[in-house]
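User: Hello! I am new to this structure and would like to get to know it step by step. Could we look at it together?

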Amino acid sequence: AHEDRRGPPPNHGGGQRLGGGGGGGGGGQQAFQGSGNTLGGGGVTSSSGIEATSAAAAAAMERANRATGAGASAKDRQLNERRQKDELIGKIEAHYSGMGKDPPFGLASSSLDALKKHLDHVKGQAAATAKADSRTAAAARVVRT
């Protein structure tokens, strides 16, 4: 085994060491007594017999449901609707970008239902454009032969 040749750490006359160990500050009470806990739950069960990680997961799911369900506050519902609108706007803008067009002005002020309908419309347009492009390409191949 490797020996530490530096010797003990210097004692600069500071305060008491944690745990009440000797070394410089007088032998008062220990700073900590008890067994402590293991990080990560370590299979610890509560008084109801539920493992800590399972209880944490259940609590997280309950918070998520409360944020969007009947028990949600007005602020939670607003934030959820804003998140959904931002997601739909991003998808709509991506479709327009793929078609080489600019998205309509004022998407952000549209309602959630209007954005859903517009996304369906844009998806239909993209599918129709792709179908027409494939027909045009097939017709061009036929003309060349």
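User: Is Glu87 buried, partly exposed or exposed?

Analyst: Happy to help! First, this is a predicted model, where local features need pLDDT of at least 70, side-chain atom pairs count only at pLDDT 80 or more, and totals for chains, interfaces and linings use all residues. Residues are numbered from 1 along each chain as its sequence is written, and side-chain values use heavy atoms, with hydrogens and water left out. Buried means under 20% relative accessible area, exposed over 50%, and partly exposed in between (1.4 Å probe, protein chains only). Because its relative accessible area is 43%, Glu87 is partly exposed.

User: Which residues are linked with Glu87 in a network of salt bridges?

Analyst: A salt bridge here is a side-chain nitrogen of Lys or Arg within 4 Å of a carboxyl oxygen of Asp or Glu. Glu87 forms one with Arg83, with the closest N and O atoms 3.8 Å apart, and another with Lys91 at 3.9 Å, N to O. Arg83 is partly exposed at 46% relative accessibility, and Lys91 is partly exposed at 40%. The residues linked with Glu87 in the network are Arg83 and Lys91.

User: How far apart in sequence are Glu87 and Lys91, and in which helix do they lie?

Analyst: Helices (H or I, at least four residues) and strands (E, at least two) are DSSP runs, numbered from the N terminus. An α-helix has 3.6 residues a turn, so residues three or four places apart point the same way. Glu87 and Lys91 are about one turn of the helix apart, which is four residues, and both lie in helix H2.

User: What is the N to O distance in the salt bridge of Arg82 and Asp86?

Analyst: Arg82 and Asp86 are four residues apart in helix H2, so about one helical turn separates them. Arg82 is partly exposed at 37% relative accessibility, and Asp86 is partly exposed at 40%. Their side chains meet in a salt bridge with an N to O distance of 2.6 Å.

User: How far apart are the end C-alpha atoms of H2?

Analyst: The expected span of a helix is 1.5 Å times one less than its number of residues. H2 has 26 residues, so it should span 38 Å. That agrees with the model, where the end C-alpha atoms of H2 are 38 Å apart.

User: Which residues of H2 are buried?

Analyst: Several of them also belong to the largest nonpolar core, among them Leu88, Ile89, Ile92 and Tyr96. The buried residues of H2 include Asn80 and Lys85 as well. The full list is Asn80, Lys85, Leu88, Ile89, Ile92 and Tyr96.

User: Which helices each supply at least two residues of the largest nonpolar core?

Analyst: A nonpolar core is a set of buried Ala, Val, Leu, Ile, Met, Phe, Trp, Tyr and Cys residues joined through side-chain atoms within 4.5 Å. The largest one has nine residues, including Leu88, Leu107, Leu112, Leu115, Leu119 and Val122. The helices that each supply at least two of its residues are H2 (74-99) and H3 (112-144).

User: What does Leu88 touch, not counting residues up to four places away in sequence?

Analyst: Contact means heavy atoms within 4.5 Å. With those sequence neighbours left out, Leu88 touches Leu112, Leu115, Lys116 and Leu119.

User: And what percentage of the protein chain counts as buried?

Analyst: The chain holds three helices and zero strands, running α-α-α from the N terminus on. Of its 145 residues, the share that counts as buried is 9%.
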